[in-house]
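Thank you all for making time this morning; I would like to walk you through one model, residue by residue, and then step back to the chain as a whole. Please have the structure open as we go.

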Amino acid sequence: MSISHLTALESFVTLVYAGFYLSEGKMEFIDCGHTQTLIYRHKSNRCEFLRGENLPIGFLSSEVYLSRTVDLLPGDVVLFYSDGLTEATAADGSMFSAERLSKLLLQHHAMAPEELVATLRQAVD
């Protein structure tokens, strides 16, 4: 499917494409309108959200997609997720939220990836 096809359908796609260069301690990413990437920073014991400046794929056929590079240190954790997680709605109408996701990553950053995913799923349920 091409960008012109998406534009003709009045549809779009969001995504994050990332490359990890661990020997250099870097991650390069292209954010195309997707939810913000969440990083736990081991050195500061804090979480931060990363967001690119690009539009979703299919908005403009002339869009030039720019990448960003961020430093990574041992112990940092990168979490990619979709809005299906942060916009999951409880019976009372409240959303799960990016803030809650950030707090969970801060608490559980040391878990193995499989355990972290299971913990996030349980929290959403």
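Phe-80 is partly exposed, with a relative accessible area of 39%, and I use that term for anything between the two cut-offs, where buried means under 20% relative accessible area and exposed over 50%, with a 1.4 Å probe and protein chains only. This is a predicted model, so please keep in mind that local features need pLDDT of at least 70, that side-chain atom pairs count only at pLDDT 80 or more, and that totals for chains, interfaces and linings use all residues. Residues are numbered from 1 along each chain as its sequence is written, and side-chain values use heavy atoms, with hydrogens and water left out.

What does Phe-80 pair with? Its partner is Phe-20, and the two rings form an edge-to-face pair at 6.4 Å centre to centre, with 80° between the planes. The rule behind this is that rings of Phe, Tyr and Trp (its six-membered ring) pair if their centres lie within 6.5 Å, planes under 30 degrees apart being stacked, over 60 edge-to-face and the rest tilted; the count by this rule comes to one aromatic pair. Phe-20 lies in strand β1 (residues 15-21) and Phe-80 in the loop between β6 and α2 (83-86), so the pair ties together parts that are 60 residues apart in sequence. Phe-20, for its part, counts as partly exposed at 40% relative accessibility.

From Phe-20 we can move to Leu-72, which has its place in the loop between β5 and β6 and counts as buried because its relative accessibility is 12%. Taking contact to mean heavy atoms within 4.5 Å, and not counting residues up to four places away in sequence, Leu-72 touches Phe-20, Gly-25, Lys-26, Met-27, Ile-39, Arg-41 and Val-78. Of these neighbours, Ile-39 is 33 residues from Leu-72 in sequence and 9.2 Å away in space, C-alpha to C-alpha.

Asp-76 is found in the loop between β5 (68-71) and β6 (77-79). Is Asp-76 buried or exposed? Asp-76 is buried, with a relative accessible area of 17%. Its side chain makes a polar contact with the side chain of Arg-41 at 3.1 Å, and the side chain of Asp-76 also reaches the backbone nitrogen of His-42 at 2.9 Å. A polar contact here is a pair of N or O atoms within 3.5 Å; within protein, one must be able to donate a hydrogen and the other to accept it, and residues adjacent in sequence count only if both atoms are side-chain atoms. Leaving aside residues up to four places away in sequence, Asp-76 touches Tyr-40, Arg-41, His-42, Lys-43 and Asp-71.

A second buried loop residue is Thr-35, with a relative accessible area of 18%, in the loop between β2 (26-32) and β3 (37-41). The side chain of Thr-35 reaches the backbone oxygen of Tyr-81 at 2.6 Å, and the residues that Thr-35 touches, again not counting those up to four places away in sequence, are Val-16, Arg-51, Tyr-81, Ser-82 and Asp-83.

Let me turn briefly to the backbone. Most residues other than glycine have a negative phi. Asn-45, in the loop between β3 and β4 (46-50), has a positive phi near 55°, and Asn-45 is partly exposed at 43% relative accessible area. Ser-97, found in the loop between α2 and α3 (98-108), has a positive phi near 80°.

Towards the end of the chain, Val-124 lies in helix α4 (residues 113-124) and, not counting residues up to four places away in sequence, touches Leu-85, Ala-88 and Phe-96.

Now the whole chain. There are four helices and six strands, taken as DSSP runs numbered from the N terminus, with helices being H or I of at least four residues and strands E of at least two, and along the sequence they follow the pattern α-β-β-β-β-β-β-α-α-α. Buried residues make up 29% of the 125 residues, and the C-alpha atoms fill a box of roughly 45 × 45 × 20 Å along the principal axes. Among contacts between residues at least 6 apart in sequence, 51% join residues at least 24 apart.
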